[in-house]
Amino acid sequence: MLFRSDIAYGFTSITRSDPSYYALWLMNNVLGQYALGGRLGDSIRERQGMAYYTFSALDANVIPGPLMIRAGVNPANVERAVASIDAEVAKMAAEGPTDKELTESKQYLIGSMPRNLETNLGIASFLQSMEYFGLGLDYDVRLPSLLRAVSRDQVHAAARAVLDTARATVVV
């Protein structure tokens, strides 16, 4: 019988209207929004072979929402996996993303927008977010420019503001 421990590791982050939202969104993408493509997946799953899955998710809302890291690991690897998450989080806070990571994240988020709008559900979700957060009817046109305008320093500052391993909540 295979057992798995699920790790939830997170922080209270920001509101959706916070000026650093796009910087934190980009930082989350670098960290692991798209699972194995981020730093967490590369480190914990690919290089160390510990995780069945690992990803991060940002849920900024009308109140400060969570920035959550999730990982599924063998119960024997829980402490090692949490230590690895700590290390990746601390590294992101200390150094920020590389220029390459930031460029690739911008390209990915901008390029995936049309794909996210291919279904009725995707369109409805996008329109609901536009209305709920007061983003304006031209948000789909402005979003690429908003992401392109974010600097590496802004992403690093957002990471420093949210990612503090001493303030992380960890549940296994």
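Trainee: Which helices each supply at least two residues of the lining of the largest pocket?

Mentor: In this predicted model, the largest pocket holds about 670 Å³ of space. Its lining counts 23 residues. The helices that each supply at least two of the lining residues are α1, α4, α5 (120-132) and α6 (139-148).

Trainee: Which residues lie nearest the centre of the largest pocket?

Mentor: Rolling a probe the size of a water molecule over the atoms shows where empty space is left. In the largest pocket, 23 residues form the lining. Nearest the centre are Y21, W25, N116, F126 and S129.

Trainee: In what order do the four strands form the open sheet?

Mentor: The pairing in this sheet is antiparallel. β2 (51-58) and β4 (169-171) each have a single partner strand, so both stand at the edges, with one side left without a neighbour in the sheet. From one strand to the next, the twist averages 10°. The order of the strands is β2-β3-β1-β4.

Trainee: How many bridges pair β1 and β3?

Mentor: β1 and β3 pair in the antiparallel sense. Within this pairing, A8 stands opposite R70 in β3, and D6 has G72 as its bridge partner. The number of bridges between β1 and β3 is eight.

Trainee: Which helix packs on the sheet, touching β2 and β3?

Mentor: The direction of this helix makes about 160° with that of β2. The helix spans residues 39-47 and is α2.

Trainee: How many bridges join β1 to β4?

Mentor: β1 and β4 run antiparallel. In β4, T169 stands opposite G10. The number of bridges that join β1 to β4 is three.

Trainee: How many of the eight residues of β1 are buried?

Mentor: A residue counts as buried when its relative accessible area is under 20%. By that criterion β1 is mostly covered. The number of buried residues in β1 is six.

Trainee: Why do the buried residues of α7 lie on the same side of the helix?

Mentor: In α7 (residues 152-162), the buried residues are V155, H156, A158, A159 and V162. An α-helix has 3.6 residues a turn, so residues three or four places apart point the same way. The buried residues of α7 lie on the same side because the arc they cover around the axis is only 160°.

Trainee: Which residues are exposed on the other side of α7, and which elements do its buried residues pack against?

Mentor: On the other side of α7, the exposed residues are D153 and A161. The buried residues of α7 pack against β1 (5-12), α1 (21-33), β3 (66-73), α3 (78-95) and α4 (99-116).

Trainee: Why does L117 count as partly exposed?

Mentor: L117 is found in the loop between α4 and α5. Partly exposed covers the range between under 20% and over 50%. L117 falls in that range because its relative accessible area is 25%.

Trainee: Which residues does L117 touch, not counting residues up to four places away in sequence?

Mentor: E131 is 14 residues from L117 along the chain, and their C-alpha atoms are separated by 16 Å. With residues up to four places away in sequence not counted, L117 touches G122, I123 and F126.

Trainee: What is the relative accessibility of I123?

Mentor: I123 lies in helix α5. With residues up to four places away in sequence not counted, I123 touches N116 and L117. I123 counts as partly exposed, and its relative accessibility is 36%.

Technical notes: Residues numbered from 1 in each chain as written. Predicted model: local features only at pLDDT ≥ 70, side-chain atom pairs only at ≥ 80, totals over all residues. Heavy atoms only, no water. Buried < 20%, exposed > 50% of the residue type's maximum accessible area, 1.4 Å probe, protein only. Arc of directions from axis to C-beta. Contact = heavy atoms within 4.5 Å. Pairing = 2+ DSSP bridges. Axes fitted to C-alpha atoms, helices over the stretch in contact; angles between N-to-C directions. 1 Å grid on protein atoms, 1.4 Å probe; cavity = no way out; pocket = protein on both sides within 12 Å on 5 of 7 lines; lining within 4 Å. Points joined across faces, edges and corners; volume = space filled by probe spheres on them.
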